[in-house]
Amino acid sequence: VEMSTLLHRKDIVGYGPDRPRVAVVVVVPQPSNNNNAGEAKGSEGDEESRILKGALDAVQSVFLTTDRNLIFIVTVVMDGRGKV
């Protein structure tokens, strides 16, 4: 009986129909591979830095603007960066 009471407490469970939690997925695209002859070689690294900074900003924004009790998970997917 005590365990059942403990499991039904909303302050411990923190989710359900009246207090749903969210899973946030931030997808980070791979840098474009179309380097034109006029572009410097360092521009790909600059693009990578901008993309990664954008991902960090997105995750930071989630934590700054969302009630932490409503966050189930925040994950970042680095699209196209692994070898198959």
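What follows is a set of questions and replies on how the terms used for this predicted model are earned.

Me: What kind of model is this, and how are residues numbered?
Reply: The model is predicted: local features need pLDDT of at least 70, side-chain atom pairs count only at pLDDT 80 or more, and totals for chains, interfaces and linings use all residues. Residues are numbered from 1 along each chain as its sequence is written, and side-chain values use heavy atoms, with hydrogens and water left out.

Me: How many helices and strands are there, and what makes a run count as one?
Reply: The chain has three helices and two strands. Helices are DSSP runs of H or I with at least four residues; strands are runs of E with at least two; both are numbered from the N terminus. Along the sequence the pattern reads α-α-β-α-β.

Me: Why is Ala 55 called buried?
Reply: Ala 55 has 9% relative accessibility. Buried means under 20% relative accessible area, exposed means over 50%, and partly exposed is in between (1.4 Å probe, protein chains only). So Ala 55 counts as buried. Ala 55 sits in helix α3.

Me: Is Val 59 buried or exposed?
Reply: Val 59 is at 18% relative accessibility, so Val 59 counts as buried. Val 59 also belongs to helix α3.

Me: Why is Gly 54 called partly exposed?
Reply: Gly 54 comes out at 36% relative accessibility, so partly exposed is the class. Gly 54 is another residue of helix α3. Its C-alpha lies 8.4 Å from that of Val 28, with the two positions 26 residues apart in sequence numbering.

Me: What share of the chain is buried?
Reply: Buried residues make up 12% of the 84 residues.

Me: What makes the largest nonpolar core a core, and which residues form it?
Reply: A nonpolar core is a set of buried Ala, Val, Leu, Ile, Met, Phe, Trp, Tyr and Cys residues joined through side-chain atoms within 4.5 Å. The largest one has five residues: Val 26, Val 28, Ile 51, Ala 55 and Val 59. Strand β1 (22-28) and helix α3 (43-65) each supply at least two of them. Helix α3 gives the most, with three.

Me: What does Ala 55 touch, and how do you know that it is a contact?
Reply: Contact means heavy atoms within 4.5 Å. Leaving out residues up to four places away in sequence, Ala 55 touches Val 26 and Val 28. The C-alpha atoms of Ala 55 and Pro 29 are 9.5 Å apart, for residues 26 apart along the chain.

Me: Which residues does Val 59 touch?
Reply: With residues up to four places away not counted, Val 59 touches Val 26, Val 74 and Val 76. Val 59 and Val 25 are 34 residues apart in sequence and 9.1 Å apart, C-alpha to C-alpha.

Me: Where is Val 24, and what does Val 24 touch?
Reply: Val 24 lies in strand β1. Beyond four places in sequence, its contacts are Val 62, Ile 73, Val 74 and Thr 75. The C-alpha atoms of Val 24 and Val 62 are separated by 8.1 Å, although the residues are 38 apart along the chain.

Me: How much of the contact in the chain comes from residues 24 or more positions apart?
Reply: Such pairs account for 66% of the contacts with a separation of 6 or more.

Me: Why is the Asp 57 and Lys 53 pair called a salt bridge?
Reply: The rule asks for a side-chain nitrogen of Lys or Arg within 4 Å of a carboxyl oxygen of Asp or Glu. Asp 57 and Lys 53 meet at 3.0 Å, N to O. So the pair fits the rule. By this rule the count comes to one salt bridge. The two residues are four apart in helix α3, so about one helical turn separates them. Asp 57 is partly exposed, at 35% relative accessibility.

Me: What about Glu 47 and a salt bridge?
Reply: Glu 47 is buried yet has no salt bridge; the nearest side chain of opposite charge, Arg 50, is 5.4 Å away. Lys and Arg count as positive, Asp and Glu as negative; His and the chain ends are not counted. Glu 47 is found in helix α3. Apart from neighbours within four places in sequence, Glu 47 contacts Pro 31 and Ser 32.

Me: Why is Val 25 called exposed?
Reply: Val 25 has a relative accessible area of 52%, so Val 25 is exposed. Val 25 is in strand β1.
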